[in-house]
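Reader: I'd like to go through this one by asking how each label is earned. Can you set the values against the definitions as we go?

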Amino acid sequence: MLELLILSPLAAAALSLVFPWYQLRSWLLPLSSGLHLALSIVLVSGSFPAGGAWVGLDALSRLVLVVTSLLFFGCAIYAVGYLDLRRDRGNKVMVPCLLAFLSFMTLAIAARHLGLLWMAVEATTICSAPLIYFNRNRLSIEATWKYLLLCSVGIALAMLGMLFIAYAALGGGAPVSLQFDSLLATATSLSKPWLHAGFVFLLVGFGTKMGLAPLHTWKPDAYGEAPGLVGALLAGGLTSVAFLGILRGVQLMTAAGDGAMARQSLLWMGILSLLLAAVFMVRQPDIKRLLAYSSVEHMGLLAIGVGIGGLATFGAMLHLINNALTKGGLFLAAGNIQRAYSSKRLSEVRGAIVGLPISGTLFLAGFLAITGSPPFGPFLSEFTILRGIFANHQMVVGVLVLLSLATVFIGMGATVLAATQGESGPKNDNFRDRPLLYLPPLMFMLLILLLGVYIPEPLQKALSQAAALLEVHP
Amino acid sequence: MIGGLFLHLALLLLFAPLLLGIITKTKALFGGRIGAPLLQSYFDLARLWRKGFVFSRTTTWVFLAGPVVGLVVPLLAALLIPFGALPAPVSFEGDLILFVYLFGLSRFFTALAALDTGSSFEGMGAVREVTFSCLAEPTVLFSLLVLARLSDGLSLNTLLGSHLLTAWQSEAGASLSLILVCLFVVLLVENSRIPFDDPNTHLELTMIHEVMVLDHSGPALAMILYGAALKMMVLSALLVKLALPWQTGWWLGDVGLFLAGQIGVAVLIGVIESSMARLRLPRVPQVLIGTSLLSIFALVLVLR
Amino acid sequence: MMPLTNPLLLVVILINFFTLGSARLVACIRIVAFQGALLAMLPLTTHGITGHAVLLAIGAFSFKGVLIPWLLIRAIREVRIRREVEPLIGFVPTLILGALTTAGAFLFSDFLPLVAEHHGGLYVPTALATMFAGFLLLITRRKAITQVLGYLMLENGIFIIGVLLSEAMPLMVEAGVLLDLLVGIFVMGIVMNQINREFTSIGTQRLSDLKE
C-alpha cells in the first residue's frame, strides 16, 4: 500500500513523458495527486501495519504526509490552469519533475532508514531544480544554481551527520545500522560525542534545505524566481519534509537522553531565523521574496516550538499544517498577481484587489492569516507556541518572538497593503481570475479558516501523538 | 678511510660527465636521432681546457672565483654524502646543514660572478636563480628533517644509513616516497633542467642558469660545466641512496649498484626533458611551494 | 589488504593538493575522476573481496571514475572553457590553506574519540582533508565547473568515512546515493550550459543580480 503511494506518482511521471497531448499531460497531475491524496487518507486513518524496516509511517510522518499530499493536490489543480497559460514554456519538463518531486517527498516522509531518507531528500533537490528554472531567464538561472549548489552541499553535510551517527553506534558497541527503529532502540548505548556531532551536521544539512537562518540564503532567490506553484510546494511541502529530517535527529537525541542539547540548538537557530527574517521583511519591495522571508520566519517558529518542548511542540505540529496550507494559498495568489501585472515588485503591483478581485483578496487574507491574526489557523498555533514558551518561563525568548512577530506584521503589512489596496496599476488585460487558478488557494484559505475555528477530534489526537514522539519517554 | 676517500673522489670525478652524456643520449633517442657520443662531455671539457682565458676589462677577481668555487664545492660536498652503500669519508653531527649550505655558497659566488660582468641579462639570471633556489631550500630542509626523524643521528651517514630498508617497509614508506619526489624536483631545479630551466636554450630572456655563465669561456667555462656535472652527481647520490637502500656487502657490488642508480636518474631526467615542456616562469614558484608543502606533509606524517 | 590502503589514501591527499593548485580545468576534472576511481578501490582494500565491497567498488568506479567525469568534460567542451582565471584567492594561497587544513585534519583526528582500530589510521584525516579541500574549491573559485568539482571532492571525503561504516549503508542505499550524485551532476551540467548561454561565461561572479 505504502509502496503504491510512493511509486504511483513516479509511474505517472514516466507516463507523462510518453504522452503526446499537452492538455492530457497537465491533467495527469491532479489525477495522480488525487489518487495520492486518497491513498494517504486511507493509509493514515486506517489501522494498517506501520511498515517494515525500510518504509513505514509513525505519527509524525502521518501528519506530514497528509499535509504534503493535500498541498500538492491543490497545486496540481492550479498547475493545470497555469500550464494552460504558459504554453510557450511547455509542460514536458514541469509535469514529470513535479510528479517525481511528489514521489520522492513521499519516500522521504515514509523512510525508516536514514540513508533512504537522505537519498530521497537529495532527489527532491534535483527534481525541483528544473522547476525553479521554469522561466528560463538570467535571474532564474542564478536562483537555480544557488539552490542546487547550496542544497547539495548542505545535504552532503547531512550525510556526514548520518555517518557520524552510525559511527556513534560503532563507538558505543551497538549494532551498526542506520535503520531508524534499531537506532532508537539502542540509542542509550550510542557514543555521545559522535551522536552530538552527527546531530549538529544533520541540523546544518536539513536546516539548509529547510531554510533556517543563517543557512537560508538561497531561499529568497529560489522562491522569488520560481513559478508561484513551485514556491508553494517548496515553502509548504519540502520545508516540512526537511523539518521531519531534523525531527528524526531530535527523536534520536531525546531517546539517547540528550534531548536538551538538541532542543537548545534548535531554539537558537529558530530565534535567529525569526529575527533575521523580520529584519529583511521590512521595506521589502518584492512580494515573492517577502513570502520567502516569511517562510524563513515560520521555519524559525517551528524550530522554536520544538526547541521549547511541551505545549509548544504541540503548537509547532499544528503550525506545520497551518504554515504549509497558508503558504500554499499565498504563493498561488501571488503567482496570479505576478501574471496579471507581469511583475512581482511594488513599483508595478498596485491595487490588486481592484485589478484582480479574487486573487487580490485571497492574498490579503493570506497575509492576515500568516501573520497570526484571528480567526485563521496560524493564530491558534502561534498562540499555542507562545503559551508554551511562557509556560516554560522562557521570558526572553517569548519577548523576542513577540517583538519579531510584531515587526513582521508591520513590515509585511506595508508591502501587502500597498500591493492590494488603492488604484490598480497598469495591468495585463488578458489575465483574469479563472476558477482553476483561484479555487486551490481559496480551498487552502477555507481550510485554514476552519482550522482556526475548530480542530476536529482525530486531528487533535494525531497532533498529540506526533508531539508525544518528540518528548522524553520515562 | 683513505681508500674510501680516493674511491669517492675517483667515482665522482670520472663518472660525473658521463651522466650529462647519458641525458643527451636519452633525449636524442626520444627525438629519433643518434645523437652525440656518450663521452661527448669529456671531449668538450678537454677542448675547453686547452683554450686560453679571456677576461673582460670590467671584471674583477670575483669573476674567476665563481667557476672555481663552483668546482670545489661539489667536491667538498661529495665527501659528506654516502655513495650508495659506501659511507661518506667525512662525517660529523650536523653535517647535513653544511651540505645544504655549501651549495648555497657556490650559488652565491656564481651569482656574484654574474653580477660582476655588469650585464643586465646576467643580473636577471642571477635574480631568478637565487629566487628559485631560495624557494627550493625549505623542501630540502624538511626532507632532511623527515630523514633525521627516521634515524637517530644528525649526520648524513646516519640519515642515509641501513635503517632506510626497514623504514621503507614500515608506515614511513609513504613519507619516504613523498620526499623522494620532492628531492627529485629539487634536483631538477638545482641543476637547471627542464621543466624549470632549459640548459640548451639560446635566448637570453628565457634563460635562468645559463645566462649567468654566458661571459665565461675556455677553462673557466670548463670548470663551470664540470662543476655542474659534479653537483648533479652529488645531489642525485642522495636520491640513489634513498631509492636503493640495499647493501651487497662487497664494495665492487656497492659501486655497481650506485652507478646503476646514477644512470637510472640520468635516464629519468632525459625522459622528463623529452616529454615535458618548460613551465612558465610564474608557475615555477608555485611548483616549488607545492613541493615544500608536500615535504611538510611528509614531516607531519612521520611526526604523528 | 591493508598495506595498499595507506598509499591509496596518500595519493588521494596529493590529488587534493594538485586540484587546489591547478588552473587547467580538464586536468582538474581528470584528476578528480582519478581520485574517485582510487576511492572506489578503498572498499576492496579495507574489507577484502566480499560481495558488498566488490559491488560497491564497481558502482563507485563506474559513477565517480567514468560517468561523472564524462558528463563534466562534455559540459565544458560545449562551453569551451579551459582555464580557471582569477580565483577569488590565488593558487598559492589556496595551496597553503589546503596544506594548513590538511595538517589540521591530521592533528584534529588525533583528538577524536575514534574506536581503537581507527586510531592512527589515515582514513579519518584523509576524509577530513578531502572535505576541507572540497570546501576550499567551493569557496575560492569563480567558475561553476570548479565549484562542482569542489562538491565532488566533498562527496569523495564523505565516501571515505562511509567505507568505514559499510554495515550502516546497505547496497541499495549506496546505489541510491551514487545515482543521486550522478543525476545531480547531470542537472548541474545542464544548468552550467544554460549559464553559459545566457551570460556567455560560466563565471559565477555574474550571478549576482539577486540580492537585497
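Author: Sure, and let's begin with overall size. The radius of gyration is taken over C-alpha atoms, and the globule rule is 2.2 Å times the number of residues to the power 0.38. Keep in mind that this is a predicted model.

Reader: What makes the radius of gyration of chain A agree with a compact globule?

Author: For 474 residues the rule gives a value near 23 Å, and chain A has 21 Å, so the two agree. Along the principal axes, its C-alpha trace spans about 70 × 55 × 45 Å.

Reader: And how do you know how chain C compares with a compact globule?

Author: By the same route: with 212 residues the expected radius is near 17 Å, chain C has 17 Å, and therefore chain C agrees with the rule. The C-alpha atoms of chain C fill a box of roughly 50 × 35 × 35 Å along the principal axes.

Reader: What share of each chain is buried, for chain A and for chain C?

Author: A residue needs 20 or more other C-beta atoms within 10 Å of its own to be called buried. In chain A, 64% of the 474 residues are buried; in chain C, 50% of the 212 residues count as buried.

Reader: Which secondary structure do these chains have, chain A and chain C?

Author: Chain A has 19 helices and 0 strands. Chain C comes to 7 helices and 0 strands, and its pattern along the sequence reads α-α-α-α-α-α-α.

Reader: How much of the contact in chain A joins residues 24 or more positions apart?

Author: Taking contacts with a separation of 6 or more, residues 24 or more positions apart account for 80% in chain A. The corresponding share in chain C is 75%.

Reader: Now the assembly. How do you know whether chain A and chain B are joined or apart?

Author: A contact needs C-beta atoms within 7 Å. No contact joins chain A and chain B, and their closest C-alpha atoms lie 22 Å apart. Of the 2 pairs of chains that touch, chains A and C have the most contacts.

Reader: What makes up the contact between chain A and chain C?

Author: There, 35 residues of chain A are in contact with 32 residues of chain C. On the chain A side, α5 (114-132) and α6 (138-172) each give two or more residues, and α6(A) has the largest share with 19 residues. Sorted by class, that side of chain A has 24 nonpolar, 7 polar and 4 charged residues.

Reader: And what makes up the contact between chain C and chain B?

Author: Here 14 residues of chain C are in contact with 9 residues of chain B. On the chain C side, α1 (2-21) and α4 (91-111) each supply at least two residues. The largest share, 9 residues, comes from α4(C). That side of chain C divides into 10 nonpolar, 3 polar and 1 charged.

Reader: Back to chains A and C. Why is α5(A) called roughly parallel to α7(C)?

Author: The axes of α5(A) and α7(C), residues 171-199, cross at roughly 15° and come within 9 Å. Angles under 35 degrees count as roughly parallel, so α5(A) is roughly parallel to α7(C). The crossing of this pair is left-handed.

Reader: Which residues of α5(A) and α7(C) meet?

Author: Among them are Leu116(A), Met119(A) and Ile126(A) in α5(A), with Val177(C), Asp180(C) and Val187(C) in α7(C). The residues of this contact divide into 10 nonpolar, 3 polar and 2 charged.

Reader: Why is Pro170(C) called partly exposed?

Author: Buried takes 20 or more neighbours and exposed takes 12 or fewer. Pro170(C) has 19 C-beta neighbours inside 10 Å, so Pro170(C) counts as partly exposed. Pro170(C) is found in the loop between α6 (144-164) and α7 of chain C. The C-alpha atoms of Pro170(C) and His52(C) are separated by 8.4 Å, although the two are 118 residues apart along the chain.

Reader: Last one: how do α1(B) and α10(B) cross?

Author: The axes of α1 (residues 2-30) and α10 (residues 251-275) of chain B come within 8 Å and cross at roughly 35°. That crossing is right-handed. The contact includes Phe15(B) and Leu19(B) of α1(B) and Leu259(B) and Ile263(B) of α10(B). By class, the contact has 13 nonpolar, 4 polar and 2 charged residues.

Methods:
Residues are numbered from 1 along each chain as its sequence is written. Chains are lettered from A and ligands numbered from 1 in the order in which they are written. This is a predicted model: local features need pLDDT of at least 70, side-chain atom pairs count only at pLDDT 80 or more; totals for chains, interfaces and linings use all residues. Helices (H or I, at least four residues) and strands (E, at least two) are DSSP runs, numbered from the N terminus. Ala, Val, Leu, Ile, Met, Phe, Trp, Tyr, Cys and Pro count as nonpolar, Asp, Glu, Lys and Arg as charged, and the others, Gly among them, as polar. Axes are lines fitted to C-alpha atoms, for helices over the stretch in contact, and angles run from 0 to 180 degrees between N-to-C directions. Angles under 35 degrees count as roughly parallel, over 145 as roughly antiparallel, 65 to 115 as roughly perpendicular and the rest as oblique. A crossing is left-handed if the near helix is turned anticlockwise from the far one by less than a right angle, and right-handed if clockwise.
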